[in-house]
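Dear colleague,

Here is the structure I said I would pass on. My notes on it follow below.

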Amino acid sequence: MLMRTDPFRELDRLTSQLLGSAAAGTWSRPNPMPLDAWREGEQFVACFDLPGVAKDAIELDVEQNVLTVKAERRPVATGEKIEMQVSERPLGAFSRQLFLGDTLDPEHIAADYTNGVLTLRIPIAEKAKPRKIEITSTEDRKEITA
C-alpha cells in the first residue's frame, strides 16, 4: 500500500471549495496539494501539482515509513508600477504525507521538479521483488546401511 489519506483534511478541502473560502495555508493548517500516484514497473511514481512554487520552497522529509512533502507559494513580487488584476492561486503553505508500505525502499527516493510538477520515484524494496529459489535433489543423499 502506498498511502493513506486523512479524511478530515479532505473534508476541509471540500468545504473550503464549496464555501469559496480560499484562505492562505499556514504551517499549522496547510492547504492540501493535488496528487496522482501509480506503479510503473518496479517503482511507484507520485506527482504533486505545485505550479508557481519555487524549487527552494519545497521540502521533502522521510521519517521511518512516512514521506512528508511541504511547499510554500509566496506572493508575486510587486513594485510601484505593478497592480495585481487577478490572483486566483492560493498562497501560503501546502503539505501532504504519504505512508509508505514495507514493500517500498525509502532510502532511494528520487525527486524531480519540472514545470510546476514535483515527481517522486519510489523504488520497490529488494525484499519485496520476486526471486527464484533453487531446488536441490534428494538423489544425492547417501543411504545408511545397518
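**The nonpolar core**

In this predicted model, the largest nonpolar core has 20 residues, and those touching the most other members are Phe 48, Leu 50, Leu 98, Leu 118 and Leu 120. Four strands each supply at least two residues of this core: β2 (43-49), β4 (66-73), β5 (92-99) and β7 (117-123).

Phe 48 is worth selecting in your viewer. Beyond its neighbours within four places in sequence, Phe 48 is in contact with Met 33, Pro 34, Leu 35, Val 69, Arg 96, Leu 98, Gly 116, Val 117, Leu 118 and Leu 120. Leu 98, Leu 118 and Leu 120 thus appear both in that list and among the core residues that touch the most other members.

**The chain as a whole**

The protein has one helix and seven strands. Starting at the N terminus, the helix comes before the strands, in the order α-β-β-β-β-β-β-β. Of the contacts between residues at least 6 apart in sequence, 59% join residues at least 24 apart.

Of the 146 residues, 28% count as buried. The exposed surface comes to about 11,200 Å², with carbon and sulfur atoms supplying 51% of it.

**The β3-β4 hairpin**

Strand β4, one of the strands that supply the core, also pairs with β3 (residues 58-63), in the antiparallel sense and over six bridges. One of the bridge pairs joins Asp 61 to Thr 68 in β4. The two strands form a hairpin with two residues between them. In the turn, Gln 64 has a positive phi of about 55°.

Regards

Conventions:
Residues numbered from 1 in each chain as written. Predicted model: local features only at pLDDT ≥ 70, side-chain atom pairs only at ≥ 80, totals over all residues. Heavy atoms only, no water. Core = buried A, V, L, I, M, F, W, Y, C linked by side-chain atoms within 4.5 Å. Buried < 20%, exposed > 50% of the residue type's maximum accessible area, 1.4 Å probe, protein only. Contact = heavy atoms within 4.5 Å. Areas by Shrake-Rupley, 256 points an atom, 1.4 Å probe, with all protein chains shown as cover. Pairing = 2+ DSSP bridges.
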